[in-house]
Amino acid sequence: MNRLKLVLPSVEYKEEIMDYKREFIENGDSMDGTAKLKDAKSFEEWYSALCDNMKEETVREGFVPATTFLAISNDNGRLIGMIQIRHRLNDYLLNYGGHVGYSVRKSERRKGYATEMLALALRECKKLNIKKVLITCDKDNIASAKTIINNGGILENEVSDGNTIVQRYWINLEESDSSKNTL
């Protein structure tokens with residue numbers, strides 16, 4: 001599947017990004033993997049924080065360095081989803097958040113896009129020299145669990161985060177180099 005490409009956010013995509021945010025807010029959906037887009041008062045505020053948080057030297061307090069990508073349709077240029085790769089884990093991410101967070105806009109779900117986005121993001125993880133990738137999802141998010149498993153995720157355990165049970169999956173990228181790799 002080569003329906004998507006991952007691109008770094010830029011001012012060029014401002015309208016698409018703000019439309020993405022609007023769709024999530026209208027549907028009351030969780031905006032995972034968006035570098036806190038939902039909380040930003042403006043595109044400029046969000047973009048400034050996103051750029052700061054890409055590098056260890058400028059990462060804002062309480063965050064880890066992370067790269068956020070837009071998943072863009074190769075057919076029509078539509079913003080399908082967003083995916084974030086955290087370059088390292090802090091205690092919270094080790095237990096609940098993982099290396100990767102992602103979301104797909106409601107109007108594009110159930111089409112296999114999340115699985116393709118994650119496969120592309122795992123290639124980026126290799127470039128960042130992340131050998132074992134932790135990905136988590138809420139236990140009741142069956143679609144996300146399938147996405148992770150379809151990309152080689154192995155369930156390690158489940159942990160409680162307040163009223164939510166979080167499933168913790170690992171994908172070993174070193175093993176995928178020596179075995180048949182569909183990425």
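**Entry 1: strand S4**

I began with strand S4 (residues 100-104), which I noted as mostly covered, since five of its five residues are buried, where buried means under 20% relative accessible area, exposed over 50% and partly exposed in between, with a 1.4 Å probe and protein chains only. Strands here are DSSP runs of E with at least two residues, helices are runs of H or I with at least four, and both are numbered from the N terminus. I was working on a predicted model, in which local features need pLDDT of at least 70 and side-chain atom pairs count only at pLDDT 80 or more, while totals for chains, interfaces and linings use all residues. Residues are numbered from 1 along each chain as its sequence is written, and side-chain values use heavy atoms, with hydrogens and water left out.

In a regular strand the side chains alternate between the two faces of the sheet. I therefore looked at S4 face by face, and found Val 100, Tyr 102 and Val 104 buried on one side and Gly 101 and Ser 103 buried on the other. I then looked up the pairing, and recorded that strand S3 (residues 79-86) and S4 pair in the antiparallel sense over five bridges, where pairing requires that DSSP finds at least two bridges between the strands. Within this pair, Ile 83 has Tyr 102 of S4 as its bridge partner.

**Entry 2: strand S5**

I turned next to strand S5 (residues 132-138), which is also noted as mostly covered, with five of its seven residues buried. Strand S7 (residues 164-172) runs antiparallel to S5 and is joined to it by seven bridges, and in S7 I found Tyr 169 opposite Ile 135.

**Entry 3: two helix contacts**

Two packed helices are described by the angle between their axes and the distance between the axes. For helix H4 (residues 113-127) and helix H5 (residues 142-150), I recorded axes that come within 9 Å and cross at roughly 45 degrees. I entered H4 as oblique to H5 on that basis, because angles under 35 degrees count as roughly parallel, over 145 as roughly antiparallel, 65 to 115 as roughly perpendicular and the rest as oblique. The axes are lines fitted to C-alpha atoms, for helices over the stretch in contact, and the angles run from 0 to 180 degrees between N-to-C directions.

I listed Ala 114, Thr 115 and Leu 118 of H4 as meeting Thr 147, Ile 148 and Asn 150 of H5, taking contact as heavy atoms within 4.5 Å. By class, these residues of H4 and H5 divide into three nonpolar, three polar and no charged, where Ala, Val, Leu, Ile, Met, Phe, Trp, Tyr, Cys and Pro count as nonpolar, Asp, Glu, Lys and Arg as charged, and the others, Gly among them, as polar.

Helix H1 (residues 14-27) and helix H2 (residues 43-52) pack at an angle of about 100 degrees, with their axes 11 Å apart, which means that I entered H1 as roughly perpendicular to H2. On the H1 side I found Lys 14, Ile 17 and Met 18 in the contact, and on the H2 side Phe 43, Glu 44 and Trp 46; by class, the contact of H1 with H2 has four nonpolar, no polar and two charged residues.

**Entry 4: positive phi in two loops**

Most residues other than glycine have a negative phi, and most peptide bonds are trans. I therefore wrote down Ala 35, which has a positive phi of about 55 degrees although it is not a glycine, and which lies in the loop between H1 and H2. Leaving aside neighbours within four places in sequence, I found Ala 35 in contact with Trp 46, Leu 50, Thr 68 and Gln 84.

I noted Asn 129 likewise, with a positive phi of about 65 degrees although it is not a glycine. Asn 129 is in the loop between H4 and S5, and I recorded it as exposed because its relative accessible area is 54%.

**Entry 5: Lys 131 and Asn 2**

I also looked up Lys 131, in the loop between H4 and S5, which counts as partly exposed at 37% relative accessibility. The C-alpha atoms of Lys 131 and Asn 172 are 6.1 Å apart in space, although these residues are 41 residues apart in sequence. Not counting residues up to four places away in sequence, Lys 131 touches Ile 171, Asn 172, Leu 173 and Glu 174.

Last, I checked Asn 2, in the segment before strand S1 (4-7), and recorded it as exposed, with a relative accessible area of 67%. Asn 2 touches Asn 74 and Glu 116, again not counting residues up to four places away in sequence.
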